[in-house]
Every structure is written in C-alpha cells, then in structure tokens.
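This report covers a ligand site and a chain interface. Please look at the sequence and structure first.

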Amino acid sequence: MVSLLRNQKVRNTLLQVVYVGSLAALVLAGIIIARRNLAEQGITSGFDFLYKSTGWDVNFSLLPATANDPYWWFFLIGIINTLFLGCTGLILATLVGTIVGLARTSANELAQLLGRTYVDIFRNIPLILQVFFWYALITHLPTPRAAHEAWGLLLTSRGLYVPAPNVGGVAMALATSAVIAAIALPVWLGRTSRLSQPFGQRATIQLAGAAAALACAAIILVVGRLPDAPLLDFPALQGLNLRGGLRVPPEFSALAIAIAIYGGSYIAEIVRGGFKSVGKGQMEAARSLGLSPWRVFTLVRLPLALRAMLPILANQYVWLMKATTMGIAVGFTDFFMIVALTINHSGQTLEVIGILMGGFLAINLSLAAVFNRINKAIALKGNQLRG
Amino acid sequence: MISSNSTKAGGPAVRIENLDKYYGTFHALRKVNLSVERGERIVICGPSGSGKSTMIRCINRLEQHNGGRITVLGTELNDDIGNIDGIRREVGMVFQHFNLFPHMTVLENCMIAPTLVRNQPRAEAEATARRYLEKVRIPEQAMKFPGQLSGGQQQRVAIARALCMQPQIMLFDEPTSALDPEMISEVLDVMVTLASDGMTMICVTHEMGFARRVADRVIFMDGGEIVEQAPPEEFFTASQNERTRQFLSQVLGH
Ligand SMILES: Nc1ncnc2c1ncn2[C@@H]1O[C@H](COP(=O)(O)OP(=O)(O)OP(=O)(O)O)[C@@H](O)[C@H]1O
Ligand SMILES: [Mg+2]
C-alpha cells in the first residue's frame with residue numbers, strides 16, 4: 001500500500017481524481033442552491049424563454065430583426081454584431097498599429113517621435129473614455145440637412161452614410177466569401193507553390209489568385225444586382241431625412257474608431273517588438289547578397305518579424321474582442337448588451353450569463369485556435385541560434 | 001553598374017586607399033591602405049576591436065566609410081546605388097553567425113539571390129545551388145531548414161549561398177569562431193578547396209594553420225591600423241614587430 005502511494009503515476013492520478021471530484025461537487029452544490037432559491041422566488045429556471053418573442057428591438061443588426069423575433073434570434077444578432085464590430089476594430093487597429101509601429105522602428109527621428117507620442121497618449125487613456133469621446137464627437141456632427149457630401153459619403157450626426165450596392169442577399173453573401181477568398185488564396189498559394197516556384201513568380205501567382213477572386217466578387221455583384229436599379233444606391237436628402245445608401249450608426253463608428261485607436265497603440269508596441277527581434281545579421285546577409293531594400297524587407301525582415309509578433313498579437317486580439325462589450329456604454333446592441341437587456345426583461349439571469357460566457361468562450365477559443373494553427377504552420381523549424 | 005570590360009580588365013580586385021572610418025567620435029580605421037590582387041588569398045588577424053570586421057564590411061558597404069577611397073573590381077564605392085548593387089553582386093560574404101534565413105530551406109537560401117538579383121531561371125539557379133551544396137559536401141540537406149543543421153553545416157550552407165551568386169571575391173568574417181572545435185575543420189576544408197580554385201579571398205580569422213596553408217599574405221591589424229603584412233612564413237617566424245609577436249604568442253599559445 002505504502003509503495004503504491006509512493007508511485008508517482010498513481011499519486012498524480014489520485015490527485016487529479018480528488019481535484020476534479022471536489023470541483024464537480026462544488027458546481028453541483030451551487031446549482032442545487034441556486035435552483036432552490038429561484039424556486040422560492042417563483043422564478044422558473046430553464047431555457048424555454050429562448051423561444052419567446054422579445055418585445056423590444058435592436059438598433060443595429062446585419063440580420064432582419066423585429067420585436068416579434070424570439071430571444072435566441074436576438075442572441076444570434078448580438079453575436080454577429082459583436083463579431084462584426086470586433087473584426088472591423090481588429091482590422092483597423094492592426095492597420096493603425098502597423099503604421100505607428102513601423103514609424104517607431106524607422107530611422108526617421110520625427111516619425112519615431114510621432115509614433116512614441118501616439119503610443120504614450122492613447123495607451124494611457126482608458127478605452128471607455130475614448131469611446132465616449134468619439135461618440136460625443138460624432139453625434140455633434142452636422143444634421144443630415146446641413147451635411148456635406150464627398151465621394152458619395154455623408155458624415156452626419158445620425159451616422160455615416162455610404163453608398164450601398166443594390167444587390168440581393170445571396171449574391172451579397174457570395175461576393176463577401178469571394179472577397180475573403182481573395183485574402184486567403186494568396187496565403188494558400190504562397191504555401192503550396194513554395195517549393196515549385198521561384199520567389200519573383202510566386203508573388204505573381206499570389207497576386208493573380210487575389211485578382212481572380214476579386215474579379216469573381218465583382219461579377220457576382222453585377223449579375224446579382226436587383227432588377228431595374230442602379231448598381232450603387234447613393235444616399236440623398238429627401239425632405240428632412242436621408243434616403244438610400246447604408247447608414248453606419250454613430251454607436252458603431254465610435255466603438256470601431258476607439259478600438260482601432262486604442263488597440264492600435266498596443267499593437268504598435270507589438271509590431272515594434274517584432275521588428276526589433278529580427279537579428280541584424282539576417283538583414284546584413286540579405287543586403288550583402290545584393291537584394292534590394294524592398295526585398296530585404298518583404299522577404300526577410302517582415303516574415304521573421306511576423307513570426308515573432310503573431311503569438312502576442314493573438315492575445316491582443318482576444319483582449320480587443322472582449323473590449324467590444326463597451327458597446328453597452330453607448331447603446332450599441334452587441335452580444336453583451338443583448339444579454340443585459342434579456343436579463344432585465346426575462347429575469348433568467350443565470351441562464352443568460354451562461355450563454356454570455358459560452359458565447360465569448362466560443363469566439364475567443366476559435367480565434368486562439370486559428371492563430372495557433374497559423375503559428376504552427378509558419379513556425380521556424382529546428383533550433384534557432386540568435387546571432 | 002560594373003561594366004563587363006572593367007571587371008575583366010586588369011588592376012587589383014580591391015584597392016583601399018587612406019580609409020577612415022568613425023563610429024560617432026570613435027576612430028575605428030585610421031588611414032588604412034591595402035591592395036588585394038585577383039586570385040590573392042589574404043588572412044587578416046589582430047586583437048578584438050582592432051577594426052578587422054569594420055574594414056571588410058566597408059568593402060561591400062555594410063559599413064559606410066568616412067574618408068579615403070575603396071575601389072572594387074575597378075568600380076569606386078560611393079553613394080551611387082548602382083555601384084553598390086553591382087559590387088554586392090560580385091562580392092560574397094560569410095559571417096561569424098552564419099546569418100542564414102531561418103524561414104527558408106537550404107535550397108531556397110541558396111536560390112533567392114540568384115533568381116531575384118541575377119534573374120536566373122529557376123532551373124538554372126537550382127542546378128547551381130545543388131552543385132555548390134555538393135561542393136560544400138551537404139547535398140543531402142537541401143530540403144532541410146537551417147535550424148535543423150549543425151553549426152558547421154549551417155556555415156557551409158552560408159558559403160554555398162554566397163557562392164551561388166558566382167562572386168569574384170569572397171569575404172569571410174571569423175567564419176569558424178562560433179563553431180565547436182570538431183566542426184571547424186569541415187568549414188576550413190571547404191575554404192581550402194575554394195582557395196585552390198583560385199577564388200580571391202579576404203578572411204578575418206584566427207586559424208593560423210589555415211593562414212599558413214593558404215594565405216598569400218597575412219595582415220595584422222591593431223588599433224584601427226594595419227601594423228604589419230607579410231607572407232605567412234615570414235609573418236609567423238620572422239616578425240620584427242613587438243605587437244605582432246605579442247599577439248602571435250597569445251593565439252599560438254606559446
Ligand atoms: N556599430 C558600431 N558602433 C560603434 N562602435 C563600433 C561599431 N562597430 C564596431 N565598433 C567599434 O569599432 C572597433 C572595431 O570594431 P570591429 O568589429 O571592426 O573589431 P574586430 O577587429 O572585428 O574585433 P573582433 O575580433 O572582436 O570581431 C571596436 O572598438 C568596436 O567597439
Ligand atoms: Mg569582428
């Protein structure tokens with residue numbers, strides 16, 4: 001008996017069993033207590049409310065929504081809104097961060113100073129203040145009647161109006177997938193043609209792939225356009241209001257801008273770190289071979305910096321995804337706000353919080369999984385010597 | 001751009017005249033003069049910080065000189081980008097820490113410059129790469145990544161990578177000093193073969209056995225100056241210079 005307890009494997013298994021057992025007991029006890037308390041207050045637990053109609057509306061949705069729709073449909077809308085805001089914010093933040101980060105690593109001292117100032121300012125102002133700032137700014141823009149038009153865009157206190165394609169839903173979805181393919185295809189082509197094509201031609205193949213996918217998207221849009229309507233619907237003033245086009249509500253713009261600028265300041269530091277981690281030796285070797293500065297950057301410096309950045313960037317993305325919950329501060333119906341409204345209206349607090357946690361867990365775990373895949377695929381093989 | 005007649009014309013491979021180099025206020029090279037003939041094998045040695053790396057890095061413009069003239073294969077190194085590119089095409093360099101591109105296979109490392117800088121067709125570049133990998137005795141590693149090779153193998157890939165550009169001059173900056181003792185000879189053997197093929201070589205190294213075997217001239221630097229230069233036998237046995245003798249007694253261990 002003593003000898004069995006001394007066995008490391010046995011002991012580890014035993015510890016695991018005890019640990020999992022006590023955790024399960026704790027959760028079970030919590031559920032039992034909660035159910036009893038809820039029952040005493042006359043609240044029935046369960047997920048039946050998901051099929052009841054909500055009776056309230058959302059102010060932003062990519063899917064059709066009315067007050068008659070059930071709760072589960074609203075949760076879906078919320079998740080899609082969160083994903084849409086999150087992806088827009090992440091893409092913009094990455095753009096901002098790349099530009100600022102490159103400025104910080106550049107040899108130009110003015111660019112360095114500007115980059116450093118940017119990071120110092122925006123990283124140190126709480127995100128919620130930045131959201132409020134942009135929201136206040138946007139809602140104080142001129143009214144639709146006084147707004148100026150530029151390139152078919154209208155900036156007004158009621159939102160940003162942009163031209164919208166007059167295209168059916170199916171064609172729109174197809175075209176969107178084609179655009180996504182235009183981004184994914186070059187990556188995939190780059191990997192598969194790695195060993196069969198020289199470097200210069202590889203870039204040509206990648207560009208051709210992207211161009212073909214974009215052409216597909218354009219054709220789908222033209223073919224799938226609504227009958228008897230111009231391809232693009234421009235916003236125009238009609239009476240006191242604007243008709244036509246697509247309205248990007250101020251809540252969404254304020255959040256997207258705030259996430260882009262705040263997130264950008266963190267991503268700038270990640271970008272800078274990534275570039276700093278690339279050994280000078282590799283770049284010197286590339287230069288000594290006669291490669292042009294542009295090729296040294298795109299073929300050596302950038303690929304190596306990206307590999308150093310990606311794992312940290314993934315963390316930052318997960319963090320920014322969670323920051324979309326700021327939507328509630330300005331009334332953007334993201335997932336979190338829908339959850340909060342549902343709690344108020346249905347009273348099913350525990351269930352709804354469970355759905356909230358499950359939803360965010362799913363979003364962020366998938367994000368992390370995607371990044372893990374990418375990291376694994378591009379990881380440097382073998383042991384790396386730092387020169 | 002180096003025109004073909006100037007590269008084929010006579011005259012030294014490298015001519016350095018009154019070279020001055022400053023790092024800020026630090027005077028790293030002081031009026032250095034050196035001429036290297038085509039086909040000549042030069043070994044440069046000297047204590048740490050004496051300016052050996054700085055000097056050979058000036059030859060392919062990894063460092064910019066502040067005074068004097070450097071002429072490589074008849075072309076003067078100045079701010080003309082065309083000149084710099086032309087010279088880099090003809091001058092290969094091997095570094096102490098190999099500096100291979102870790103995200104590319106060995107073959108890709110060897111093909112990137114010929115295909116992009118010399119616009120060689122892929123098949124030709126691959127054939128050249130495989131030929132040089134054969135020459136440095138690691139043809140079987142072509143599809144591996146640098147991180148999967150030993151230090152000695154990596155350095156031989158680095159030599160092959162430089163050779164694939166078919167340079168007329170090779171620079172070596174302490175190619176064996178980051179290697180374990182048992183790997184030094186495999187790299188030196190490759191360098192000896194290269195020397196016997198008639199390559200113009202300028203090697204910074206403390207491998208005195210190598211210097212004895214292949215060098216036409218050994219150069220001793222100290223404090224940013226060339227203190228002494230002589231054929232190896234003379235340099236190792238009959239040096240009159242106090243600093244040289246002191247340095248030799250340190251590296252030769254007696
Ligand atoms: N980028 C730089 N900035 C400032 N000082 C430098 C720089 N590179 C070299 N130096 C200085 O210039 C001097 C010569 O350096 P160099 O690298 O040429 O020496 P070395 O002879 O190659 O020495 P080692 O045997 O240690 O490689 C040294 O004193 C060094 O500190
Ligand atoms: Mg050195």
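## Around ligand 1

Ligand 1 is surrounded by Tyr23(B), Phe26(B), Ala28(B), Pro47(B), Ser48(B), Gly49(B), Ser50(B), Gly51(B), Lys52(B), Ser53(B), Thr54(B) and Glu174(B) (a heavy atom within 4 Å of it). This is a predicted model, in which local features need pLDDT of at least 70 and side-chain atom pairs pLDDT 80 or more, while totals for chains, interfaces and linings use all residues. Residues are numbered from 1 along each chain, chains are lettered from A and ligands numbered from 1 in the order written, and side-chain values use heavy atoms, without hydrogens and water.

The shell has four nonpolar, six polar and two charged residues (Ala, Val, Leu, Ile, Met, Phe, Trp, Tyr, Cys and Pro are nonpolar; Asp, Glu, Lys and Arg are charged; the others, including Gly, are polar). H2(B) gives the largest share, three residues (helices are DSSP runs of H or I, at least four residues, numbered from the N terminus).

## The chain interface

Chain A contributes 31 residues to the contact and chain B 32 (heavy atoms within 4.5 Å). Together the chains bury about 2,800 Å², with 64% of it on carbon and sulfur atoms (accessible area lost on being put together, 1.4 Å probe, summed over both).

One salt bridge is found across this interface (a side-chain nitrogen of Lys or Arg within 4 Å of a carboxyl oxygen of Asp or Glu). Its partners are Glu284(A) and Arg57(B), at 2.7 Å from N to O. On the side of chain A that touches chain B, H9(A) gives the most, with seven residues.

Notes
Helices (H or I, at least four residues) and strands (E, at least two) are DSSP runs, numbered from the N terminus. Buried area is the accessible area (1.4 Å probe) that two parts lose on being put together, summed over both.
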